[in-house]
Amino acid sequence: MKFNWGTGIALFYLIFVASLIFQVFKSRQYDHSLVVDNYYEADLKYQEHYDKLKNGLQLTEAPKIQFDSEAEMLRIEFPAQEAAGTILFFRPSSSKEDQLVQVKLDANNIQYIPTDKLSKGLWRVKINWQLEGVELYHEDSVVICI
């Protein structure tokens with residue numbers, strides 16, 4: 001078989017079309033879901049979030065988040081017992097695994113959260129809380145490896 005310009009151009013177009021079909025196939029397998037379903041409303045509320053974040057940064061002591069692998073518990077220590085709010089466990093790889101927990105402190109300003117319902121890996125812990133009528137926000141990462 002003789003290789004000429006026509007054969008080369010035909011092979012080039014065949015490889016080009018095959019690579020496009022492959023790229024379309026691979027892009028259909030990727031989950032394109034948004035992190036937040038209603039991101040327009042979340043964008044409008046960002047100033048409130050920014051104010052909470054700024055208030056949280058002004059505290060002398062932020063909540064401390066630690067993972068205890070022996071007890072398989074997450075330990076969150078707050079600076080004051082009057083804290084009330086919510087703790088969101090955000091899974092960056094899958095929004096279906098996100099969990100929301102209410103802040104319920106013991107006498108030592110500590111909340112223990114069992115990690116048996118949380119899968120292994122990276123979690124973002126987002127704490128929206130109030131202290132003496134002031135809205136606060138704190139975010140940290142924790143790796144759960146049971």
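Reader: Is Lys52 buried, partly exposed or exposed in this model?

Author: In this predicted model, the relative accessible area of Lys52 is 22%. Buried would require a value under 20%, and exposed a value over 50%. With 22%, Lys52 is therefore to be described as partly exposed.

Reader: With which residue does Lys52 form a salt bridge, and which elements of the chain does the pair link?

Author: The closest N and O atoms of the pair are 3.9 Å apart, and a salt bridge is counted within 4 Å. Lys52 lies in helix α3 (residues 46-57), whereas its partner belongs to strand β7 (residues 134-144), 83 residues apart, so that distant parts of the chain are linked. The partner is itself partly exposed, with a relative accessibility of 32%, and the residue asked for is Glu135.

Reader: How many salt bridges does the structure hold, and what is the N to O distance between Glu77 and Arg75?

Author: The structure holds 5 salt bridges, and the one between Lys52 and Glu135 is among them. Another is formed where the side chains of Glu77 and Arg75 meet. Glu77 counts as partly exposed at 23% relative accessibility, and Arg75 counts as partly exposed at 23% as well. For this pair, the N to O distance is 3.3 Å.

Reader: Which residue forms a salt bridge with Glu61?

Author: Glu61 has a relative accessibility of 33%, which places it among the partly exposed residues, and its partner, at 39%, is also partly exposed. The closest N and O atoms of the two side chains are 3.5 Å apart, and the cut-off for a salt bridge is 4 Å. The partner of Glu61 is Lys64.

Reader: What is the order of the strands in the open sheet of 3 strands?

Author: The pairing in this open sheet is antiparallel, and the edge strands, each of which pairs on one side only, are β1 (64-68) and β5 (110-114). Neighbouring strands are turned by 20° against each other on average, direction ignored. The order of the strands is β1-β2-β5.

Reader: Over how many bridges do β2 and β5 pair, and which residue of β5 is the bridge partner of Met73?

Author: Strands of a sheet pair through backbone hydrogen bonds, in a parallel or an antiparallel manner. Strand β2, which comprises residues 73-77, pairs with β5 in the antiparallel sense over 5 bridges. The bridge partner of Met73 in β5 is Pro114.

Key: Residues are numbered from 1 along each chain as its sequence is written. This is a predicted model: local features need pLDDT of at least 70, side-chain atom pairs count only at pLDDT 80 or more; totals for chains, interfaces and linings use all residues. Side-chain values use heavy atoms; hydrogens and water are left out. Two strands pair if DSSP finds at least two bridges between them. Helices (H or I, at least four residues) and strands (E, at least two) are DSSP runs, numbered from the N terminus. Axes are lines fitted to C-alpha atoms, for helices over the stretch in contact, and angles run from 0 to 180 degrees between N-to-C directions. Buried means under 20% relative accessible area, exposed over 50%, partly exposed in between (1.4 Å probe, protein chains only).
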